[in-house]
Amino acid sequence: MTSLLRTCVALAATAMLVLLTGCSAGLGGPASSRSARDGVIRFTFAPDPIWDYMNETGLVDQWQRDTGYTIETSATWDEFGLFAGGHADIISTASFEVPGLEEQTQRETVIIGKYNAERSRILVRADDPARSLADLKGRRLGVFTTVSGTLVWSALVRQMHDLTVVDGDFDLVVADIQNLSNLLARGEIDACICYPDLSARELRDGSVRPLYDGKSSADLFAELVAPGHDGPMGNVFVARRDWVDGHPGEVSAFLDLWDRGLAEWQTHRDEMIERYPQHFAVATPEDIDFMKAYVAEHDWVTDEVRFDQQWAEDESSIFDLMRATGVIGDDVVDPQFLPTQGVQP
């Protein structure tokens, strides 16, 4: 196992310890009070604007009345921990973190849906002449973790520049995800792997700028490895394999609900940003307007939740790239996918 994958497993174990000292809130109450039962979908998800919108506008309630299924949710950042404890049937995580999820939880999983692309960018100060990370070798690179989007950038940077991100050619600075762009603007780091929705103020005031023509890791991955692909995914819907095999109706209904949610996002995207600015780390009218314009041009949410076999193969190619560049070991197995696009339940 590579050091990066070991780190991923260690972080998941830490999340399990957090679970022991706190409970998560959601529509279904504390997840630890629930066990699997037919007709009930136990869904654990990080706080999310589309889900909040569907709840507050009555779409989830209507879906429950129409389908006869019940969805119990827990809003938490500790999705790994709840899944490991057997308190969730479906969670959301990055596709490239699923092998670490399986190794830590010892649960066989399957990816049943796609949600949003890995959206992180490389940002530098506006006055820095760097044109790529190759120009920043040896300098301070801010990250919020050595896994997550850093895994993807590690593979891309190795492929593009033959440089090592973690324990290699950069002075890695791990900091809070919401402070990275501010640290960059203040000169405390020289570049960052940053999420645009957590960097709105600095992007808007022009103190920082993106490298690679503003392309995300997913954009570069598509160019280098899988033309036309919309991944790798920063969030997919992952379920226990045994639960999926025994509950095809629930799986199909869950995907239908999220297809409705994605359609609502396309129609009411600006309203959701205004309604839930906290999910986009913006507060002032200026930052909210900036985020609306930015997302209109760089929307990372997929058009539909279901996928076909070709999409699954393209998404799996991130693992080929990570193995080829030494980011993960050759023994890491690709996750399982359940293509349902065009398939009737």
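The exercises below, each with a worked solution, concern a predicted model.

**Exercise 1. Find the strand order of the sheet that contains strand 10, and name its edge strands.**

Solution.
- Step 1: Write down the order. The sheet is open, has five strands and runs 2-1-3-10-4. Its pairing is mixed.
- Step 2: Look for strands that pair on one side only. These are strand 2 (70-75) and strand 4, the edge strands.
- Step 3: Add the twist. From one strand to the next it averages 25°.
- Step 4: Check what packs on this sheet. Helix 5 (residues 98-105) does, and it touches strand 3, strand 4 and strand 10. The direction of helix 5 makes about 140° with that of strand 4.

**Exercise 2. Decide whether strand 3 and strand 10 pair in the parallel or the antiparallel sense, and find the bridge partner of S92.**

Solution.
- Step 1: Recall the two options. Strands of a sheet pair through backbone hydrogen bonds, either parallel or antiparallel.
- Step 2: Apply this to strand 3 (residues 90-93) and strand 10 (residues 233-240). Their pairing is antiparallel and extends over four bridges.
- Step 3: Pick out one bridge. S92 has F237 of strand 10 as its partner.

**Exercise 3. Describe the sheet with the order 7-6-8-5-9, and give the sense in which strand 6 and strand 7 pair.**

Solution.
- Step 1: Classify the sheet. It is an open sheet of five strands with mixed pairing.
- Step 2: Name the edges. Strand 7 (171-174) and strand 9 (208-210) each pair on one side only.
- Step 3: Give the twist, which averages 30° from one strand to the next.
- Step 4: Turn to strand 6 (residues 140-143) and strand 7. They pair in the parallel sense, over four bridges. Within this pairing, G142 is bridged to V173 in strand 7.

**Exercise 4. Work out how much space the second largest pocket holds and what lines it.**

Solution.
- Step 1: State the volume, about 270 Å³.
- Step 2: Count the lining. There are 20 residues, and A117, D219, D230, D299 and W300 lie nearest the centre of the pocket.
- Step 3: Assign the lining to elements. Strand 4 (109-117) and helix 9 (217-224) are the elements that give two or more residues. Helix 9 supplies the largest share, three residues.
- Step 4: Sort the lining by kind. Ten residues are charged, five are polar and five are nonpolar.

**Exercise 5. Locate the disulfide and state its handedness.**

Solution.
- Step 1: Recall the bond. A disulfide is a covalent bond between the sulfur atoms of two cysteines.
- Step 2: Search the whole structure, which gives one disulfide.
- Step 3: Identify the pair. C192 is joined to C194, with 2.0 Å from S to S.
- Step 4: Read the angle about the S-S bond. It is -125°, and the link of C192 and C194 is left-handed.

**Exercise 6. Find where the backbone has a cis peptide bond and where D167, with its positive phi, is placed.**

Solution.
- Step 1: Recall the usual case. Most residues other than glycine have a negative phi, and most peptide bonds are trans.
- Step 2: Find the cis bond. It joins G231 and P232, with omega about 5°. P232 is in the loop between helix 9 and strand 10.
- Step 3: Consider D167, a residue other than glycine whose phi is near 55°. D167 lies in the loop between helix 6 (149-161) and strand 7.

Key: Residues numbered from 1 in each chain as written. Predicted model: local features only at pLDDT ≥ 70, side-chain atom pairs only at ≥ 80, totals over all residues. Heavy atoms only, no water. 1 Å grid on protein atoms, 1.4 Å probe; cavity = no way out; pocket = protein on both sides within 12 Å on 5 of 7 lines; lining within 4 Å. Points joined across faces, edges and corners; volume = space filled by probe spheres on them. Nonpolar A, V, L, I, M, F, W, Y, C, P; charged D, E, K, R; others polar. Pairing = 2+ DSSP bridges. Axes fitted to C-alpha atoms, helices over the stretch in contact; angles between N-to-C directions. Contact = heavy atoms within 4.5 Å. Disulfide = S-S within 2.5 Å.
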